[in-house]
Amino acid sequence: MIGNDIVDLKIASLQSNWKRKGWLQKIFTQSEQNLIAHAENPDQMVWKLWSMKEAAYKAHQRRFSLLPKYNPKDFICHDTTVDIDGFVYQTISKYEEDYIHSIAYTNRDDFISKVFVDTSKQYKNQVKYYVGNLLNVHISAVTLQKDANRIPNIRINNKETKAVLSLSSHGSFSAFTIILY
């Protein structure tokens with residue numbers, strides 16, 4: 001399973017004052033708060049841990065076909081893993097000047113991931129175009145559809161595929177991660 005999350009650092013700094021009283025305690029465990037307190041760049045660590053939790057949540061939700069329910073303190077971050085109810089997700093986090101992108105996965109690391117600037121919020125069209133190219137089908141044959149649990153799926157010519165897709169968008173950036181079967 002896979003999940004991904006992207007944080008636009010400019011938007012995050014404008015919309016979220018993580019330094020306000022009680023904010024860290026609502027989101028992060030004590031060990032995670034210690035990581036933030038001792039980090040060389042606490043801002044970056046906050047958003048890295050946040051994106052790791054979000055990415056692992058998406059992978060876990062898909063893995064067990066769960067209804068949306070996000071309780072970030074239930075997801076315990078370590079250096080490069082997130083533990084959810086005894087299930088461990090590996091993570092990769094990419095830092096850029098303007099964003100942090102994290103991917104969580106279980107046993108498959110042969111995923112394809114792409115981050116792009118998306119000020120028009122047309123990322124789904126870009127994903128469809130990219131998937132069409134990967135699968136050698138016309139973009140009109142590709143549809144993205146969320147299931148009852150709001151988990152995105154790829155359909156080709158209105159037929160389900162085994163491809164696993166995770167979408168993420170925040171501020172000026174969008175990202176997707178996909179495993180093709």
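Here are some friendly notes on a few helix and strand features of this predicted model.

1. **Helix 4 and its span.** Helix 4 covers residues 42-64. Its end C-alpha atoms lie 33 Å apart, and this agrees with the 33 Å that its 23 residues should span at 1.5 Å a residue. If you like a quick geometry check, this one comes out well.

2. **How helix 4 sits.** Of the 23 residues in helix 4, 17 are buried, so the helix is largely enclosed by the rest of the structure. Phe64, also in helix 4, is partly exposed, because its relative accessible area is 35%, and buried would need under 20%.

3. **After the helix.** Ser65 follows helix 4 and has a positive phi, near 50°. It is a backbone angle to look at when you step through this part of the chain.

4. **A nonpolar surface patch.** Which residues join Phe64 in a nonpolar patch on the surface? They are Leu66 and Phe87, and the three together have about 230 Å² of accessible area. Phe64 comes from helix 4, while residue 87 belongs to strand 4 (residues 87-95).

5. **Strand 5, buried or exposed?** Seven of the seven residues of strand 5 (residues 99-105) are buried, so this strand is largely enclosed by the rest of the structure. Tyr99, His101, Ile103 and Tyr105 point one way, whereas Ile100, Ser102 and Ala104 point the other way, and all are buried. As background, side chains in a regular strand alternate between the two faces of the sheet.

6. **The partners of strand 5.** Strand 1 (residues 2-8) runs antiparallel to strand 5 and is joined to it by seven bridges; one bridge pair is Gly3 with Ala104. Strand 4 also pairs with strand 5 in the antiparallel sense, over six bridges, and here Lys94 has His101 as its bridge partner. Three residues make the hairpin connection from strand 4 to strand 5.

7. **A three-stranded open sheet.** Elsewhere, three strands form an open sheet in the order 6-11-10, with antiparallel pairing. Strand 6 (112-117) and strand 10 (164-170) are the edge strands, each pairing on one side only. On average, neighbouring strands of this sheet are turned by 10° against each other, direction ignored.

8. **Strands 10 and 11.** Within that sheet, how many bridges join strand 10 to strand 11? There are seven, and the two strands run antiparallel, with strand 11 covering residues 173-179. Among the residue pairs, His170 has Phe173 of strand 11 as its bridge partner.

Terms used. Residues are numbered from 1 along each chain as its sequence is written. This is a predicted model: local features need pLDDT of at least 70, side-chain atom pairs count only at pLDDT 80 or more; totals for chains, interfaces and linings use all residues. Side-chain values use heavy atoms; hydrogens and water are left out. Patches are made of residues with over 30% relative accessible area and no salt bridge: like charges are joined within 9 Å, nonpolar side chains (Val, Leu, Ile, Met, Phe, Trp, Tyr) within 5 Å. Accessible areas come from the Shrake-Rupley method with a 1.4 Å probe; for residues, only the protein chains shown count as cover. A salt bridge is a side-chain nitrogen of Lys or Arg within 4 Å of a carboxyl oxygen of Asp or Glu. Helices (H or I, at least four residues) and strands (E, at least two) are DSSP runs, numbered from the N terminus. Buried means under 20% relative accessible area, exposed over 50%, partly exposed in between (1.4 Å probe, protein chains only). The expected span of a helix is 1.5 Å times one less than its number of residues. Two strands pair if DSSP finds at least two bridges between them. Axes are lines fitted to C-alpha atoms, for helices over the stretch in contact, and angles run from 0 to 180 degrees between N-to-C directions.
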